[in-house]
Amino acid sequence: MTSEFDELQELILEDARKIYSETTIDHFMKPRNLGDMGDADGFAKVIGSCGDSMEIWLKVKNGTIANTSFLTDGCGTSIASGSMVTEIARGKSISEARRISQQDVLSALGGLPEESEHCALLAADALKEAIKDYLAMERELWKKAYRKH
């Protein structure tokens with residue numbers, strides 16, 4: 001049974017390689033930073049044009065994104081995009097991370113088919129909204145006590 005499963009998985013990957021870059025496949029198969037973060041300094045949930053949602057959490061230290069994670073209910077390209085945007089953002093200052101765009105995610109993934117490019121936009125938008133949330137919390141620290149995810 002295992003060899004049949006392995007053969008099927010390899011056939012699926014062969015087909016995927018005709019459409020997606022190895023980087024995209026890797027981030028879909030082994031997403032980085034997947035899961036929620038209980039003690040986040042910033043959080044956002046964004047719903048994309050296709051109805052998929054993405055949640056992003058940020059942990060910020062001294063104005064730099066020290067940790068970030070994501071969840072999505074979307075397809076493989078949404079997973080890959082969320083994984084990649086969290087990797088790009090980690091270690092960046094808030095001002096640098098605010099400038100991460102759809103094109104940055106697409107470039108880092110090695111491109112996506114046109115019908116999937118909106119997934120990179122969803123990831124970039126979710127990151128920007130999480131940064132906005134972090135900045136709002138920094139201005140009004142009392143709000144953090146009432147935060148619920």
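**Salt bridges and the nonpolar core**

Let me begin with one pair of side chains, K59 and D41, which meet in a salt bridge at 3.5 Å, N to O, and I should say at once that we are looking at a predicted model. K59 sits in strand β2, while D41 belongs to the loop between α2 (22-29) and β1, so this pair ties together parts that lie 18 residues apart in sequence. D41 is buried, since its relative accessible area is 8% and the cut-off for buried is under 20%.

In total the structure holds nine salt bridges, and I will mention two others. In helix α6, K132 and E129 are three residues apart, about one turn of the helix, and their side chains meet at 3.1 Å, N to O; K132 is partly exposed at 47% relative accessible area, and E129 is likewise partly exposed, at 35%. There is also a network in which E10, R17 and E22 are joined by salt bridges that share partners. The other pair is R90 with E87, whose side chains meet at 3.4 Å, N to O, with R90 partly exposed at 30% and E87 partly exposed at 34%.

Now to the core. The largest nonpolar core has 29 residues, and those touching the most other members are I56, L58, V85, I100, V105 and L127. Among the elements that give two or more residues to this core are β1 (42-47), β2 (53-61), β3 (64-72) and α3 (76-89), but the most comes from α6, with eight residues.

What does V85 contact, leaving aside its neighbours within four places in sequence? The contacts of V85 are I56, I100, V105, A123, A124 and L127.

How values were computed
Residues numbered from 1 in each chain as written. Predicted model: local features only at pLDDT ≥ 70, side-chain atom pairs only at ≥ 80, totals over all residues. Heavy atoms only, no water. Core = buried A, V, L, I, M, F, W, Y, C linked by side-chain atoms within 4.5 Å. Buried < 20%, exposed > 50% of the residue type's maximum accessible area, 1.4 Å probe, protein only. Helix = DSSP H or I, 4+ residues; strand = E, 2+ residues; numbered from the N terminus. Contact = heavy atoms within 4.5 Å. Salt bridge = Lys/Arg side-chain N within 4 Å of Asp/Glu carboxyl O.
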